[in-house]
Amino acid sequence: MEQAELIWMNGEFVPWDEAKVHVLTHGLHYGTGVFEGIRCYDTEIGPAVFRHQDHVDRLFKSAELYYMPIPFDREQLRQATLELIGRNGMRSCYIRPLVFRGYGTMGLFPLDAPVDVAIAVWEWGAYLGEEGKTRGVRAKVSSWRRISPDSLIPHAKASGQYLNSILAKIESHKAGYEEAILLDDKGLVCEGTGENLFVVRDGVISTPPQTASILDGINRKSAIQIARDLGFEVVERDIARAELYLADELYCTGTAAELTPIREVDDHAVGTGEPGEVTRAVQQAFEDALHGRSERYREWLDPVPQRVEAQT
Ligand code: PPE
C-alpha cells in the first residue's frame with residue numbers, strides 16, 4: 001500500500017512505521033472496533049473532505065452501539081484529520097479513522113479495556129478498478145447472507161462485522177468476479193461487500209430501504225439526492241434477486257468505490273452490458289460533487305486548511 005508520513009494515534013502524530021499495537025489488543029481478537037472510510041479530494045477550493053461531519057457522526061454512533069466511549073470529541077477528531085492531511089502534504093487521500101478496544105484485558109467482557117483511536121490517510125485509487133468505474137464490474141450473488149439485525153447491527157460500521165463481507169468477497173473473487181452482492185435471510189437484496197446498490201428499471205431508480213440489513217451509506221444518501229435533483233424518481237423499497245437480472249442498469253456507491261456501474265450479475269448482462277444513461281448522468285453529477293465542481297453541493301466539502309508559507 002501507499003504509505004504516508006504520519007499517522008494520528010491517541011492524540012499524537014507518529015511516524016507511519018511506529019503506529020503499532022500490542023498483540024493482545026482486544027480488538028485484534030474479538031473484532032471490537034468501529035471505523036470509517038472517508039475521502040479527501042483535490043477540489044477547486046483546494047483539498048477538501050467529502051461529507052466529513054456525516055462520517056464523524058456515524059463513527060460516534062457505531063462506537064455507541066458497541067458501548068465504546070471515544071476519549072475525544074467529534075470536533076477533536078475532525079480537526080485531527082484535517083491536520084493529518086495537511087501535515088502529510090496530501091491533496092487527495094482515503095481516510096481511515098479506527099476506534100478499537102485496546103490492550104489491557106482479555107475475555108469477552110470488553111468494558112474494562114481501553115478505547116484507542118487512530119486515524120490513517122493514504123492514497124487509494126479506484127477501489128473496483130479504473131476500468132470498473134468506466135465500463136462497469138461483474139458481480140455475483142453470494143451464497144453468504146448479509147448479517148442479520150437479530151444477531152448483529154448492520155447499521156454499525158464495526159470491524160468484526162466485516163468477516164461477513166470478507167467471506168463474500170473471497171467467494172466472488174475465487175469465482176472470477178469483481179464484487180459480491182449479498183441478500184438477506186429472506187432472499188431480498190441488501191448490498192455489495194462495501195457498497196450500496198441501485199437498480200434502474202423503466203427510468204425509475206430503486207434502492208433497498210433503511211430497514212434492509214444495509215449500512216446507511218453516506219454516498220447512498222448523496223447519490224439519492226443527486227438523482228432526485230436531476231429529476232429522476234428514486235424509490236427506497238425491497239428488491240428481489242431477479243430484479244438484478246431484469247434491471248436496465250445497476251450501480252453501486254461507497255466511499256472507496258465512489259459510483260461504480262455493474263455490467264453483469266451472475267453472468268446475465270445488465271441491460272446492454274454497458275453503463276446506461278441514468279447511471280452515466282448520476283455518476284457525472286456525483287463525480288462533480290466529490291471534486292467540488294458543483295456549486296450546489298459545495299456544502300458537502302470540508303476544506304483542509306492550507307498552511308500559509310512564510311513570506312521572505
Ligand atoms: N456498505 C458497506 C458494507 C460498506 O462497508 C460501505 C463502505 C458502504 C455500504 C458504503 O458506505 P459509504 O462509504 O458511507 O457510502 N465501505 C467502506 C470500506 C471499504 C473497505 O474495503 O475498507 C468504504 O467504502 O470506505
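## Helix crossings, a central strand and three loop residues

The axes of helix H6 (residues 218–229) and helix H8 (residues 277–290) come within 10 Å of each other and cross at roughly 120°, which makes H6 oblique to H8. The model described here is a predicted one. The crossing of H6 and H8 is right-handed, and the residues that meet there are Asn219, Ser222, Ala223, Ile226 and Ala227 on the H6 side and Val282, Ala285, Phe286, Ala289 and Leu290 on the H8 side. Sorted by character, the residues of this contact comprise eight nonpolar and two polar, with no charged residue.

A second helix pair can be described in the same terms. Helix H2 (residues 52–65) and helix H3 (residues 74–87) have axes that come within 10 Å and cross at roughly 130°, and that angle makes H2 oblique to H3. The crossing of H2 and H3 is right-handed. From H2, the residues His52, Gln53, Val56, Asp57, Leu59 and Phe60 take part in the contact, and they meet Arg74, Leu77, Arg78, Thr81 and Leu82 in H3. The residues of the contact of H2 with H3 divide into five nonpolar, three polar and three charged.

Turning to the strands, E8 (residues 137–141) is mostly covered, in that four of its five residues are buried. Strand E8 is joined by three bridges to strand E15 (residues 258–265), and these two strands run parallel; within this pairing, Ala139 has Val265 of E15 as its bridge partner. Three bridges also join E8 to strand E9 (residues 179–183), again in a parallel arrangement, and here Lys140 stands opposite Ala180 in E9. As a general point, the side chains of a regular strand alternate between the two faces of the sheet.

The loops that follow H2, E9 and E15 each hold a residue for which an accessibility has been computed. Tyr67 lies in the loop between H2 and H3, Lys186 is placed in the loop between E9 and strand E10 (189–192), and Asp267 is found in the loop between E15 and strand E16 (268–269).

| Residue | Relative accessible area | Class |
|---|---|---|
| Tyr67 | 63% | exposed |
| Lys186 | 69% | exposed |
| Asp267 | 51% | exposed |

Asp267 counts as exposed because its relative accessible area of 51% satisfies the cut-off, which is over 50%. For Lys186, the value of 69% likewise leads to the class exposed. Lys186 is also one end of a pair separated in sequence: Lys186 and Ala240 are 54 residues apart along the chain, while their C-alpha atoms are 9.5 Å apart in space.

The backbone of the other two loop residues deserves a separate remark. Most residues other than glycine have a negative phi. Tyr67, however, has a phi near 55°, a positive value in a residue other than glycine, and this residue is situated in the loop that connects H2 with H3. Asp267, in the loop between E15 and E16, also has a positive phi, of about 70°, although it is not a glycine.

Terms used. Residues numbered from 1 in each chain as written. Predicted model: local features only at pLDDT ≥ 70, side-chain atom pairs only at ≥ 80, totals over all residues. Heavy atoms only, no water. Axes fitted to C-alpha atoms, helices over the stretch in contact; angles between N-to-C directions. Parallel < 35°, antiparallel > 145°, perpendicular 65-115°, else oblique. Left-handed = near helix turned anticlockwise from the far one by under 90°. Contact = heavy atoms within 4.5 Å. Nonpolar A, V, L, I, M, F, W, Y, C, P; charged D, E, K, R; others polar. Buried < 20%, exposed > 50% of the residue type's maximum accessible area, 1.4 Å probe, protein only. Pairing = 2+ DSSP bridges.
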